[in-house]
Amino acid sequence: MEKTILITGGAGFIGSHVIRRFVKNHPNYRIVNLDKLTYAGNLENLKDVEKAENYIFEKGDICDSSFITAMFKKYNFDGVIHLAAESHVDRSISDPMSFITTNIVGTVVLLNAARECWRQNNEGKLFYHVSTDEVYGSLGATGKFVETTSYDPHSPYSASKASSDHLVRAYHDTYGMPVVISNCSNNYGANQFPEKLIPLAINNIKQGHPVPVYGKGENVRDWLFVEDHALAIELIFHKGVVGQTYNIGGENEWKNIDLIYLLCSIMDKKLNRPAKSSEKLITFVKDRAGHDLRYAIDSSKITRELGWSPSVDFEQGLEKTVDWYLANEEWMNAIVSGVYQEYYKTQYQHR
Ligand code: NAD
Ligand code: TYD
């Protein structure tokens, strides 16, 4: 094997798409997926690659320093792509501490282990930290986030990701750690846990349950198809410049309510329901605390320097996503039949 790469959080939504891409495109890399399998981690997401010869799964916690040190000793990783995180804003509002622990402490545990492992020679090594556009805060009606936009996080989630970004940069500046960071907009696609807007709405529409829209649905997000993100990660890992940050976005801004109307019309067609019947499920509920109004990414740096741009048209990507969820009922049912019910009750009954 030419390289051994550690990918953290590979059993989650984005991580599973990144693992699949690396396992398939790089048979000469040994890919180690390290994941704690929290509620958001699901090895079903990786069924098609689990037997590949260049793929290994290790169950463990990125906050467990002796375990992580042992992993670096065992595999002598050449590169790290760090995606493991607590990732849902609403959960960060009800339980900030797990975000501080996983997103901040866990990142530092990984940085320390990489630093120790690469102490003699860090030539050709790379610590790639995957982050979010939410660290930049909220935009008004105009403007976009660029790589130099000041950090201004508002939720415990975005503040914990901002802290981890700062720490990754600090390890670069202080210890010469070879790092690269990317900050991406909202992803959508197959295998996303149904606490996030799009899969939650798909499931609720299918079941005929209310579709909760926070506030007036005026908030704007810039949606990117997850496979476009995985491709950007592959490019940055190979061609990104050490010490640099790359913004990744979909050039695809949607008000939440408009997105939900589009989704309802796709679902009506797919489920052979009369036009406009799913719209009746839309229910405006109490807004999220500290709800950022608008995110929008300027991706011109990664386009200019690495030749990446989003390739999937939103309506087609959304239709493909709906098709995946409808064809993978068992995947969804296994999730929503368990502790998810408790989460859903706590999260939505008072809204
Ligand atoms: P996810 O919640 O679907 O998956 C997270 C994965 O990390 C899960 O498999 C989980 O088991 C694992 N994990 C959590 N805590 C862990 C721990 N302590 N040790 C080991 N593994 C642990 O998240 P996602 O949506 O796939 O996001 C992946 C990364 O991308 C995150 O860092 C997130 O901040 C970032 N990101 C996400 C989006 C998005 O729209 N989803 C956008 C931009 C950036
Ligand atoms: P989400 O998918 O949680 O992503 P993020 O908060 O990281 O952007 O939410 C996307 C948008 O949808 C956000 O503006 C909050 C809103 N939203 C709802 O209106 N209803 C919901 O049930 C959820 C989960 C989100």
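Which residues come nearest to ligand 1?

1. The model is predicted. Ligand 1 has 28 residues around it, and those that come nearest are Ile14, Asp35, Ser87, Tyr157 and Lys161. Two of these names, Tyr157 and Lys161, return in the next point, where their side chains meet oxygen atoms of the ligand.

2. Polar contacts to ligand 1 involve both backbone and side chains. On the backbone side, a polar atom of phenylalanine 13 is 3.0 Å from an oxygen atom of ligand 1. On the side-chain side, tyrosine 157 places a polar atom 2.7 Å from an oxygen atom of the ligand. Lysine 161 likewise has a polar side-chain atom 2.7 Å from a ligand 1 oxygen. On its own, ligand 1 has 840 Å² of accessible area, and the protein covers 96% of it.

3. Where does the shell around ligand 1 come from in terms of secondary structure? Two or more residues each are given by helix H1 (13-25), strand S5 (126-132) and helix H5 (156-175). The largest share is that of S5, with three residues. By residue class, the shell holds 12 nonpolar, 12 polar and four charged residues.

4. Helix H1, one of the elements in that shell, also packs against helix H7 (residues 226-239). The angle between H1 and H7 is about 55°, and their axes are 9 Å apart. Angles from 65 to 115 degrees count as roughly perpendicular and those under 35 as roughly parallel; H1 and H7 are therefore oblique to each other. The crossing of H1 past H7 is right-handed.

5. Ligand 2 has 17 residues around it. Glu134, Arg221, Arg288, His291 and Tyr348 come nearest. The shell divides into seven nonpolar, five polar and five charged residues. Its largest share, three residues, is supplied by strand S8 (residues 211-214).

6. Which side chains place a polar atom by an oxygen atom of ligand 2? Glutamate 134 does so at 2.5 Å. Tyrosine 348 has a polar side-chain atom 2.6 Å from an oxygen atom of the ligand, and for asparagine 256 the corresponding distance is 2.9 Å. Taken alone, ligand 2 exposes 520 Å², of which the protein buries 97%.

7. Asparagine 256, which has the contact to ligand 2 just described, is also the residue number at which helix H8 (residues 256-270) begins. H8 packs with helix H10 (residues 314-327) at an angle of about 55°, the two axes being 10 Å apart. H8 and H10 are therefore oblique to each other, and their crossing is right-handed.

Terms used: Residues numbered from 1 in each chain as written. Chains lettered and ligands numbered in written order. Predicted model: local features only at pLDDT ≥ 70, side-chain atom pairs only at ≥ 80, totals over all residues. Heavy atoms only, no water. Near = heavy atom within 4 Å. Polar contact = N/O pair within 3.5 Å; in protein donor to acceptor, adjacent residues only side chain to side chain. Areas by Shrake-Rupley, 256 points an atom, 1.4 Å probe, with all protein chains shown as cover. Helix = DSSP H or I, 4+ residues; strand = E, 2+ residues; numbered from the N terminus. Nonpolar A, V, L, I, M, F, W, Y, C, P; charged D, E, K, R; others polar. Axes fitted to C-alpha atoms, helices over the stretch in contact; angles between N-to-C directions. Parallel < 35°, antiparallel > 145°, perpendicular 65-115°, else oblique. Left-handed = near helix turned anticlockwise from the far one by under 90°.
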